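Visitor: Please choose one part of this model and take me through it closely, then set it against the rest of the fold. I would like the geometry spelled out with care.

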Amino acid sequence: QIDGAYIISQTEHGLIIIHQQRAHQRILYEYFKKNENIKLNSQKLLFPETISLSKKDIAEISDIKNELYNVGFEMKIKKDCIEIHAVPQQCKNENLQNLFDEIIKEQEVENSDLKEKFSSRLCKTLSKSLSIKSGKKLTQEEMRLLVIELLKCDIPSISPFGLNTYFNVTTKEINKKFNKC
């Protein structure tokens with residue numbers, strides 16, 4: 001791992017340099033997309049977390065309640081807040097207030113009633129919010145699993161936001177740098 005942001009792995013033709021956050025976003029995005037019509041596993045919270053929202057935001061969350069349930073959120077919607085009882089398994093110490101603010105913001109950006117577009121935006125928002133951040137030190141096993149999972153993706157080379165997740169450096173290119181033919 002370099003600079004807490006890149007993973008370098010050897011391939012049969014040289015090296016692959018992976019941007020860990022973008023790679024994890026791609027993995028999470030494809031996971032959520034492939035399972036969008038299936039209720040995903042949740043992890044129950046020891047104590048429900050309450051998030052205060054405006055009436056408008058409560059209405060937005062009510063409109064997408066089923067989609068949120070399918071990705072793993074279990075909640076009660078009240079007049080001025082939502083009470084979260086379970087979260088997707090990928091939520092690790094997430095600030096749920098920030099996560100829901102981001103979901104609402106994305107919902108308002110396109111303000112489209114098309115479920116497919118919304119579902120894709122929700123998957124992007126979750127992948128961005130729940131991904132491993134640049135700067136996080138990973139163990140050898142975590143890096144190995146990230147590389148394996150990335151290469152299993154349908155589109156491993158591009159993040160859900162259109163950015164490269166990795167690039168290759170061939171042995172030939174390395175040899176050129178050292179003036180070796």
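Guide: Before a helix is said to lie across strands, a word on contact: contact here means heavy atoms within 4.5 Å. The model is a predicted one, and the part I have chosen is the open sheet of three strands in the order S3-S5-S4, whose pairing is antiparallel. Strand S3, residues 42–52, and strand S4, residues 74–77, stand at the edges with a single partner strand each, so that one side of either strand is left without a neighbour in the sheet. Direction ignored, neighbouring strands of this sheet are turned by 15 degrees against each other on average.

Within this sheet, S4 and strand S5, which covers residues 81–88, run antiparallel and are joined by four bridges; methionine 75 stands opposite isoleucine 84 in S5. Helix H2, residues 55–63, lies across both S4 and S5, and its direction makes an angle of about 135 degrees with S4.

The loop that precedes S4 brings in an aromatic contact. A pair of aromatic rings is described by two quantities, the distance of the centres and the angle of the planes. A search of the whole structure finds two aromatic pairs. In one, the rings of tyrosine 31 and phenylalanine 32 have centres 5.6 Å apart and planes at 65 degrees, so the arrangement is edge-to-face. Phenylalanine 32 is buried, because its relative accessibility is 0%, whereas tyrosine 31, with a relative accessible area of 31%, is partly exposed. In the other, phenylalanine 73 and phenylalanine 100 have ring centres 5.1 Å apart and planes at 70 degrees, and this pair is therefore edge-to-face as well. This pair links distant parts of the chain, since phenylalanine 73 is in the loop between helix H3 (65–71) and S4, while phenylalanine 100 belongs to helix H4 (residues 96–110), 27 residues apart. Both partners count as buried, phenylalanine 73 at 1% relative accessibility and phenylalanine 100 at 0%.

To set this part against the rest, consider a further open sheet, in which three strands follow the order S1-S2-S6, again with antiparallel pairing. Its edge strands are strand S1 (6–11) and strand S6 (166–170), each of which pairs on one side only, and the twist from one strand to the next averages 20 degrees. Strand S2, residues 14–19, is joined to S6 by five bridges, and the two run antiparallel; isoleucine 18 has tyrosine 166 in S6 as its bridge partner.

Two helices are associated with this sheet. Helix H6, residues 140–152, lies across S1, S2 and S6 and runs at about 70 degrees to S1, while helix H1, residues 20–34, lies across S1 and S2 at about 75 degrees to S2. At 1.5 Å a residue, the 15 residues of H1 should span 21 Å, and the C-alpha atoms at its ends are 21 Å apart, which agrees. Of those 15 residues, 11 are buried, so H1 is largely enclosed by the rest of the structure; among the buried ones are Ala23, Ile27, Leu28 and Phe32, together with polar names such as Gln20, Gln21 and Glu30.

One backbone detail remains, in the segment before S1, where aspartate 3 is found. Aspartate 3 has a positive phi of about 55 degrees although it is not a glycine, and with 66% relative accessibility this residue counts as exposed.

Methods. Residues are numbered from 1 along each chain as its sequence is written. This is a predicted model: local features need pLDDT of at least 70, side-chain atom pairs count only at pLDDT 80 or more; totals for chains, interfaces and linings use all residues. Side-chain values use heavy atoms; hydrogens and water are left out. Two strands pair if DSSP finds at least two bridges between them. Axes are lines fitted to C-alpha atoms, for helices over the stretch in contact, and angles run from 0 to 180 degrees between N-to-C directions. Buried means under 20% relative accessible area, exposed over 50%, partly exposed in between (1.4 Å probe, protein chains only). The expected span of a helix is 1.5 Å times one less than its number of residues. Rings of Phe, Tyr and Trp (its six-membered ring) pair if their centres lie within 6.5 Å; planes under 30 degrees apart count as stacked, over 60 as edge-to-face and the rest as tilted.
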